[in-house]
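Student: Hey, can we walk through this one together? I'd like to go from the strands to the packing and then the odd backbone spots.

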Amino acid sequence: MTSICPKDKTAKENYKLLTGTIIPRPIAFVTSSNHTGVINGAPFSFFNVVSADPPMISLAIQRKDTSPKDTARNILQQKEFVVHSVDEEYVDRINITAASLAANQSEIKKAGLTLTKSEMVSVPGIKEAKVRMECTLEHSILLGDGETATDLIIGRIKKYHLAGEIYQEDGKIDYYALNTVSRLAGSDYTKLGKQFSIQRPK
């Protein structure tokens, strides 16, 4: 077994270790709005659940050249955003939104995605997603410093929007109907594979 101290590695080398071992990672496609009303859309795989009561999620958005990325800056300023699931049917268009555009340009338009009005926040979502979660900013934490600093965003879910084919009568989600894709490392993604169950001990 190889043992490695993170402090002996560069940020890029640690990134490779983390993204290659913490897999698969769910992908959040996030829409946000700047002060002029331009809608930004970007995917993030440093994303997860924080709490069920109240329902909250987390996004970790690494800064670029010491400045917050458009999504983080928009969320910190406007306090609202929408998180979407990413599935196989439109992951190619989500990949297009990962391109670096000027702050006054919309990735949504470039990728041919369709905006839809939200109910609890001013930021619109996109129709293509089978799951939309309207969120408000609950808390933000700046982690690290310099070029490797990261904005950790905690969002509180104000409203869920779920496609009919994934929402079951017992309130559970049919995850095979949801058909999400997850991030691996580099240019690699994965889908749900074989399912198995293990009963938790009492």
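Tutor: Sure, one bit of vocabulary to begin with: helices (H or I, at least four residues) and strands (E, at least two) are DSSP runs, numbered from the N terminus. Two strands pair if DSSP finds at least two bridges between them. This is a predicted model, where local features need pLDDT of at least 70 and side-chain atom pairs count only at pLDDT 80 or more, while totals for chains, interfaces and linings use all residues. Residues are numbered from 1 along each chain as its sequence is written, and side-chain values use heavy atoms, with hydrogens and water left out.

Student: Good. How many residues sit between S4 and S5 in their hairpin?

Tutor: Two residues separate S4 and S5 there. S4 covers residues 47-52 and S5 covers residues 55-62, and they pair antiparallel over five bridges. For instance, Val49 has Ile57 in S5 as its bridge partner.

Student: Which peptide bond near there is cis, the one leading to Pro54?

Tutor: That's the bond from Asp53 to Pro54, with omega near 5°. Pro54 is in the loop between S4 and S5. Another cis bond joins Ile23 and Pro24, with omega about -10°, and Pro24 is in the loop between helix H1 (11-21) and S1. As background, most peptide bonds are trans.

Student: Back to S5. How many bridges join S5 to S10?

Tutor: Seven, and S5 runs antiparallel to S10 (residues 150-162). Ser58 has Ile154 in S10 as its bridge partner.

Student: And the sheet with S1, what's the strand order?

Tutor: The order is S1-S11-S12, an open sheet of three strands with antiparallel pairing. S1 (25-26) and S12 (189-191) are at the edges with a single partner strand each, so one side of each has no neighbour in the sheet. S1 and S11 (residues 181-183) are joined by two bridges, and Arg25 is opposite Arg183 in S11.

Student: Now packing. Which residues have the most contacts inside the largest nonpolar core?

Tutor: Val30, Ile57, Leu59, Phe81 and Val83, in a core of 21 residues. A nonpolar core here is a set of buried Ala, Val, Leu, Ile, Met, Phe, Trp, Tyr and Cys residues joined through side-chain atoms within 4.5 Å. Buried means under 20% relative accessible area, exposed over 50%, and partly exposed in between (1.4 Å probe, protein chains only).

Student: Which strand gives the most to it?

Tutor: S9, with four residues. There's also a second, separate core of 13 residues, including Tyr90, Ile108, Leu113 and Val181.

Student: What does Ile57 touch?

Tutor: Leaving out residues up to four places away in sequence, its contacts include Phe47, Val50, Phe81, Val83, Cys135 and Ile157. Contact means heavy atoms within 4.5 Å.

Student: How about His161, buried or exposed?

Tutor: His161 is at 15% relative accessibility, so His161 counts as buried. His161 lies in S10, and its side chain makes a polar contact with the Glu134 side chain at 2.6 Å. A polar contact is a pair of N or O atoms within 3.5 Å; within protein, one must be able to donate a hydrogen and the other to accept it, and residues adjacent in sequence count only if both atoms are side-chain atoms.

Student: Last topic: what's the phi at Asp65?

Tutor: Asp65 has a positive phi of about 55°, although Asp65 is not a glycine. Thr66 has a positive phi too, about 70°. Asp65 lies in the loop between S5 and H2, and so does Thr66. Asp65 is exposed at 56% relative accessible area, whereas Thr66 is partly exposed at 43%.
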